[in-house]
Amino acid sequence: MITATQLYNAVQCPHRVALDAFGNPADRDEPNAFIELLWEQGLAHEASVVASLGVTANMSLVPEQEREAQTLDAMRRGEPLIFGGRISHGDKVGIPDLLKLRGNGYAAGDIKAGSGFDGDAEEGKLKKHYAVQISHYTNILEGLNVSDGSREPFIVDRTGQEVPYPLSAPQGVRNTVSWWDSYQIVLNDVRSLLAGTATSRPAMSAGCKLCHWYRHCKETLIGSNDLTLIAELGRSKRDTIAAALPTVAALARCNPEQFFEGGKTVFPGIGRDTLIKFHERAKLLATPNARPYLKKALTLPVAQHEVYFDIEADPMADIVYLHGFVERPHGQPAQARFAPYFADGTAPECEEQVFAQAWRYLCARVQDSIVYYYSPYERTAYKKLAKTYPTVCSVEDVEALFALPAMIDLYLDVIKKCTEWPTYDQSIKTLAQYLGFHWRDTHPSGAASIEWYHRWIETGDLAIKQRILDYNEDDCLATGVVVDGVRTLTLRGA
Ligand code: SF4
């Protein structure tokens with residue numbers, strides 16, 4: 001039977017669906033505490049939303065073996081709102097959170113702890129992985145002849161708002177395939193994978209690090225010298241060029257000009273500059289002891305002090321709980337000092353208080369320092385905080401501060417634009433570790449920090465708080481290590 005979860009996973013990675021069905025369980029990684037936390041938080045959120053919705057039939061209380069029959073009975077009775085029902089038709093099965101009576105039939109809905117829109121926005125494009133799930137329920141309802149016929153299921157988002165998902169609408173201006181047709185494609189792909197009539201391959205992506213097949217897939221990818229080991233290349237570009245250039249080594253050996261055609265390349269969607277960039281990265285990966293280099297001239301500004309800045313945020317509790325700064329006199333790493341602003345609770349006043357402290361610190365430091373942060377995340381989070389707490393500063397104040405020449409996005413303005421590295425990605429962890437930096441924690445990650453923060457809130461254990469602070473301090477120090485490393489790079493060929 002094909003489940004909505006399999007479709008959700010297939011949108012992220014079809015190989016995950018295949019491995020979950022046919023992989024060797026011994027190859028799976030240990031359960032990830034952050035994923036378990038997400039699961040628990042999702043259930044807690046679901047319970048709190050359900051309590052306010054006026055559910056008239058709660059199927060989650062019914063023994064599993066009777067749940068499907070009782071769900072059908074509840075729909076026959078015309079229950080206005082059914083929670084946790086089980087429905088199936090043909091080879092499809094689903095457990096929609098909600099079945100809502102609209103007119104003479106039912107529409108399906110799911111309760112989510114995030115935004116109903118892509119990129120965690122308040123409105124905009126729908127999320128494809130949500131769309132395939134609720135399309136699946138809608139398909140089953142139609143097969144059972146109990147649908148309301150609207151093909152407009154819904155998501156109840158983290159604020160409790162209902163976000164309609166009109167499945168007959170196109171996915172966007174460029175991609176005019178409807179959500180419903182796109183669901184049918186994913187459904188057929190999953191059907192073929194599970195029937196063994198199609199195969200899948202792993203592909204390195206940002207999502208892999210949270211997947212329970214990560215170690216297994218990484219070994220496979222390294223073993224096959226897969227193109228997705230090249231930073232930012234990804235599954236779809238790999239699949240576009242793999243027939244001509246199947247491995248990192250093959251791409252490294254080629255002359256990219258042989259694939260130029262007019263102003264483009266023979267590979268649809270891959271321009272000349274992109275192919276040259278991946279060729280350079282392939283050469284770095286394929287060359288033993290290759291060194292990183294500057295691909296364009298770069299001089300980092302010098303001020304009396306440098307500050308390395310990193311925040312920790314919890315998307316589930318929707319809180320920025322730590323603003324960390326490491327400051328040091330220019331060129332004197334031994335004199336580095338850590339200045340953390342830590343929220344001792346999840347209440348808005350706690351978040352506002354540490355935001356105000358961090359904002360004052362940043363405004364003072366930027367007078368005599370160069371401030372480095374890694375990726376636009378800090379700027380985006382500060383704009384959101386300013387919107388929530390306008391007495392601290394305005395969104396315009398944040399824009400103005402981050403526009404100062406002394407505020408440098410090390411990832412976007414320096415690493416991405418001006419450097420190349422012999423690494424599989426360009427995350428701060430990967431680059432700092434490449435340069436010899438070690439985190440004190442054995443399992444450092446932003447996701448782990450969120451899980452620790454939840455445990456600190458629950459227990460008040462000071463050792464957990466210190467672990468969070470140490471991790472954040474190391475992230476800031478790592479930013480400094482990468483700044484120092486960039487200063488030692490020379491221009492390619494120089
Ligand atoms: S580790 Fe990556 S490639 Fe492998 S199954 Fe998971 S998401 Fe897919």
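Here is a chat between a colleague and a modeller about this structure.

Colleague: Before we start, what kind of model is this, and from where are residues numbered?

Modeller: This is a predicted model, where local features need pLDDT of at least 70 and side-chain atom pairs count only at pLDDT 80 or more, while totals for chains, interfaces and linings use all residues. Side-chain values use heavy atoms, with hydrogens and water left out, and residues are numbered along each chain as its sequence is written, from 1.

Colleague: Okay, the ligand. Which elements give two or more residues to the shell around the ligand?

Modeller: The residues around the ligand are Cys 13, Arg 16, Leu 19, Pro 202, Ala 203, Cys 208, Cys 211, Trp 213, Tyr 214 and Cys 217; a residue is near a molecule or strand if one of its heavy atoms lies within 4 Å of it. Helices (H or I, at least four residues) and strands (E, at least two) are DSSP runs, numbered from the N terminus. Two or more shell residues come from each of helix H2 (14-22) and helix H7 (214-223).

Colleague: How many residues of that shell are charged?

Modeller: Ala, Val, Leu, Ile, Met, Phe, Trp, Tyr, Cys and Pro count as nonpolar, Asp, Glu, Lys and Arg as charged, and the others, Gly among them, as polar. By class, the shell has 9 nonpolar and no polar residues, and the charged count is 1.

Colleague: Which strands are at the edges of the sheet of 6 strands?

Modeller: Two strands pair if DSSP finds at least two bridges between them. This open sheet runs S1-S2-S5-S6-S7-S8, with mixed pairing. Those that pair on one side only are strand S1 (57-58) and strand S8 (162-164).

Colleague: At what angle to S6 does helix H5 run?

Modeller: Contact means heavy atoms within 4.5 Å, and axes are lines fitted to C-alpha atoms, for helices over the stretch in contact, with angles from 0 to 180 degrees between N-to-C directions. Helix H4 (residues 64-77) lies across S1, strand S2 (81-83), S5 and S6, at about 170° to S2. Helix H5 (residues 128-143) lies across S5, S6 and strand S7 (154-156), and its angle to S6 is about 155°.

Colleague: On to the other sheet, with 5 strands: what is its average twist from one strand to the next?

Modeller: This one is also described as open, in the order S14-S13-S12-S15-S16 with mixed pairing. Strand S14 (337-342) and S16 stand at the edges with a single partner strand each, so one side of each has no neighbour in the sheet. From one strand to the next, the twist averages 20°.

Colleague: Why is S15 said to be largely enclosed?

Modeller: Buried means under 20% relative accessible area, exposed over 50%, and partly exposed in between (1.4 Å probe, protein chains only). Both faces are covered, with Ser 369, Val 371 and Tyr 373 buried on one side and Ile 370 and Tyr 372 on the other. S15 is largely enclosed by the rest of the structure because its buried residues number 5 of the 5.

Colleague: Which residue in S16 is the bridge partner of Tyr 373?

Modeller: S15 pairs in the parallel sense with strand S12 (residues 305-314) over 4 bridges, and Val 307 has Val 371 as its bridge partner there. S15 also pairs in the parallel sense with strand S16 (residues 407-409), over 3 bridges. For Tyr 373, the partner in S16 is Asp 409.

Colleague: Are the rings of Tyr 373 and Phe 402 stacked or edge-to-face?

Modeller: Rings of Phe, Tyr and Trp (its six-membered ring) pair if their centres lie within 6.5 Å; planes under 30 degrees apart count as stacked, over 60 as edge-to-face and the rest as tilted. By this rule there are 21 aromatic pairs. In this one the centres are 5.2 Å apart and the planes are at 80°, so Tyr 373 and Phe 402 are edge-to-face.

Colleague: How far apart in sequence are the parts that this pair ties together?

Modeller: Tyr 373 is buried at 1% relative accessibility, and Phe 402 is buried at 2%. Tyr 373 lies in strand S15 (residues 369-373) and Phe 402 in helix H13 (residues 395-403), so the pair links parts whose separation in sequence is 29 residues.

Colleague: Last one: how far apart in space are Tyr 361 and Phe 325?

Modeller: Tyr 361 sits in helix H11 (residues 348-365) and is buried at 9% relative accessibility. Leaving aside neighbours within four places in sequence, its contacts include Val 307, Phe 325 and Tyr 341. Tyr 361 and Phe 325 are 36 residues apart in sequence, and their C-alpha to C-alpha distance is 9.1 Å.
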